[in-house]
Amino acid sequence: MNKMQQLLYPELASSAAAPSCDADAGPRVSVLFPLPLPKAYDYLCDSEELPPVGSFVSAPFGPREVTGVVWPANKGEAKKKNAKVQNLKTISRVFDAPPLASDLVDFIDWAADYTMYPKGAILRMVMRVKDAFDGPRMQTAFVATGEKPARITPKREAVLAVAGAEPQTAAQLAEASGMSEAVVRGLVGAGSLAKVEVDPDPPFDAPDLMRAGPTLSGDQQYAADFVAEIIARDEHKAILVDGVTGSGKTEVYFEAVAAALRKDPDAQALILLPEIALTLPFLERVEARFGAAPAPWHSELTGAQRRRTWRRVAEGQARLVVGARSALFLPFPKLKLIVVDEEHDSAYKQEEGVIYHARDLAVARGARAGFPVLLASATPSLETVVNVDEGRYEAVGLAGRFNDAQMPDISLIDMREDAPDAGKWLSPRLVDEINANLSANEQSLLFLNRRGYAPLTLCRRCGHKMTAPGSDTMLVEHRFENRLVCHHTGFSMPKPSACPVCKAVESLTACGPGVERVAEEAKERWPDARIEVLSSDTAPGPRTMRAVLDAMKAGEIDILIATQVAAKGHHFPNLTLVGVVDADLGLAGGDLRAAERTYQLLSQVTGRAGRAEKPGRAMLQTYQADAAVLQALASGDRDAFLAAEAMGRQELGFPPYGRLAAVTLRSPDEVALDRAANAMRATAPVADGIEILGPARTPIYRLRGIARMRLLVKARRNVNLQAYLSDWLKRTKSQSGVRITLDINPYSFM
DNA sequence: AGCACGCCGACT
DNA sequence: GTCGGCGTGCTC
């Protein structure tokens, strides 16, 4: 801590790394538990050496024993009172696991304040891994000794054939040889197999930092040098790496990772990705660059895989982690660089449990711990662009596409002038273009960000709209399974033959298109073309999705009709036409970021078209051809769009020019909910620079039987929004059955 | 998060 | 008369 910080934060200066120790009451430590509790609890500690802050300990808490972490002593207040009033319990045990680094402890405290969730709830995200805090639990495995057994049998032969120098467990040997574990044990007795104790969580291969990367273009080299210099200075900077798809952002930040890891033999780096779908091909790329697979972290890992990554990260052995947003909470002892790839992606926003934005927290973590954070994107968020413009972030740009690939030629199809036939969704102009592509033997992609066959099922007779039970969500017809499905609640039912309200038979009508319906139209129009549909429904699981994507890459598909699963990270060399079936889809609803998101998504999708020799083309079907977003896409003028968008936000005082928080109230009882929301509005403190909007029903009012209402708090940028909110919440008395959640800087308004 | 304590409905 | 519903409150 430097002088200035000591002046600003005297209370921090007094709390050193070691926990407090009162002479009269004996050695004491504070312990934070991974429970939704706002503060740490004090305990006595009878061990010789006081466990340092960050240590994993277990202690009696209420009626049970809970594992927590030694926390910096609760600041001053009530300490003496506590010592007299309470007889403290004693820590029961200290775990072997390496203590959490002080920068992570600090980050947890900060993140709790920022998100307004209890500290313990943040700690829980760090500790979600089971059995990770005990030292390595050994597992018995076997290696071949090379000695021949006195008696050889066919079964023994089979087991010895699969045994080797690499330790394998009895179960693995049995599985590999098709024999039983009894044979394995017999061979141990015969001296042909030797028992060895192995760590069930093998270490990760070290990245080869001396391996030469690819030759960089001038732009890439400039960007890499710029970042390397900041890494060399060992200071925090948020740096936007800005370049279109194919401009080589990844190579640039790989160099940054190499530089950061080379600088310090204990340093660790984290690459955040928005989704797991991306990680499979991406992991291969990392392996190609560093000669070793990184430690992975995402929701699909098994328990054992999670434990392995967590433990190896905690002991500093895993030096490069590639993960989804929650990797931010891994127990790195010496994190020195975070890369946030596709920083604009809304998948970084965690919407359940503790609500947070991983990009924002990553920057905050780097700022507090003093290391650089790289934000990479072809379509950076307005937040980031404004931070660059106002000098808070650095930026390096990568112009042009690699290998001279051309940017696609984007045009708008005004559906008012070029209307499809009734019950059809493809305009004559788009049909012509696909025809041309088919005869040229080139691939086309039809993009529609809507799963299923039809988004709305309506009774022609009484007008009833099919919704999920207890929810105001529309059921989407999925014709492959002949079911009606709710995409919000997971509810599904066979498609009924009669309207459930008026009982009219055969009256339920599919309204609007989904990918399946566009595929139906395409198959009708081009019966000889090879047509595939790709969405998370048609490709359940990454394997089937890979298969379709590989087929597309190999040129085995003429027309791919896909949702946004095809928008990310794939390059199809023979794809020259992208048709966006409904470019207006994301614009409805009036979300403050609707235009921005539409720009990002459509620019990503249209960017799929094109290759080295020939520019691709993209056509956007729209009913609002004058809309600024679509004009910007057609002219390729991203910066003009961002400037206009920025101006609009500034006028309204919306982020990033103002702060926003959502206060959502939920209850199964609509009357109580309404009363609580209005009462809450009435108790809102009047403050300069703060405006309360609402309460209003959420766009999807009822979900799984729970009704929701929302208040929005809009504040000037210089207002401490969290302080205002906590003051407000203290004034509102809790209403029975009504739950309140806070979302600082909300992205989803559903 | 758990788990206990505490006040109102249908059963041995 | 009890068993049990989950609302409220506490855990050093």
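**Figure 1. Phosphate contacts of DNA strand C in the predicted model.** In this predicted model, the side chain of K89 places an N or O atom 2.6 Å from a phosphate oxygen of DNA strand C. Y43 also addresses the backbone of this strand: an N or O atom of the Y43 side chain is 3.4 Å from a phosphate oxygen of DNA strand C. K89 is listed among the closest residues around the strand, together with L37, K39, D42 and G62.

**Figure 2. A base contact and the protein surface around DNA strand C.** K39 approaches a base, with a polar side-chain atom 3.1 Å from a base nitrogen of DNA strand C. In total, 12 residues surround the strand. Of the strand atoms that come within 4 Å of the protein, 45% belong to sugar and phosphate. The surrounding surface comprises six nonpolar, three polar and three charged residues. Strands β3 (41-44) and β4 (56-61) each contribute at least two residues to this surface. The largest share comes from β3, which provides three residues.

**Figure 3. Surroundings of DNA strand B.** The residues around DNA strand B are L35, P36, L37, P63, R64 and R124. By class, this surface consists of four nonpolar and two charged residues, with no polar residue. The side chain of R64 carries an N or O atom that lies 3.3 Å from a base nitrogen of DNA strand B. Among the atoms of DNA strand B within 4 Å of the protein, sugar or phosphate atoms make up 57%, and the rest belong to bases. L37 appears in the surroundings of DNA strand B and is also listed for DNA strand C.

**Figure 4. The open sheet β21-β22-β23.** Three strands, in the order β21-β22-β23, form an open sheet with antiparallel pairing. Its edges are β21 (476-478) and β23 (492-494), each of which pairs on one side only. On average, neighbouring strands of the sheet are turned by 30 degrees against each other, with direction ignored. The antiparallel pair formed by β22 (residues 483-485) and β23 is joined by three bridges. Within this pair, V485 of β22 stands opposite S492 of β23.

**Figure 5. Strand β29 and its two antiparallel partners.** Strand β29 (residues 658-667) is mostly covered, with eight of its 10 residues buried. One partner is β31 (residues 706-716), which runs antiparallel to β29 and is joined to it by 10 bridges. In this pairing, A661 stands opposite V713 of β31. The other pairing shown links β29 to β32 (residues 739-744) through six bridges, again in antiparallel orientation. Here A662 has D743 of β32 as its bridge partner. In general, strands of a sheet pair through backbone hydrogen bonds. Side chains of a regular strand alternate between the two faces of the sheet.

**Figure 6. Domain layout of chain A.** The domain assignment divides chain A into domain 1 (3-126), domain 2 (139-198), domain 3 (218-403), domain 4 (405-450 + 513-646) and domain 5 (658-744). Domain 4 is thus given as two segments, 405-450 and 513-646. The centres of domain 4 and domain 5, taken over C-alpha atoms, are separated by 39 Å.

Conventions
Residues numbered from 1 in each chain as written. Chains lettered and ligands numbered in written order. Predicted model: local features only at pLDDT ≥ 70, side-chain atom pairs only at ≥ 80, totals over all residues. Heavy atoms only, no water. Pairing = 2+ DSSP bridges. Helix = DSSP H or I, 4+ residues; strand = E, 2+ residues; numbered from the N terminus. Axes fitted to C-alpha atoms, helices over the stretch in contact; angles between N-to-C directions. Buried < 20%, exposed > 50% of the residue type's maximum accessible area, 1.4 Å probe, protein only. Near = heavy atom within 4 Å. Polar contact = N/O pair within 3.5 Å; in protein donor to acceptor, adjacent residues only side chain to side chain. Nonpolar A, V, L, I, M, F, W, Y, C, P; charged D, E, K, R; others polar. Domains from an automatic or database assignment.
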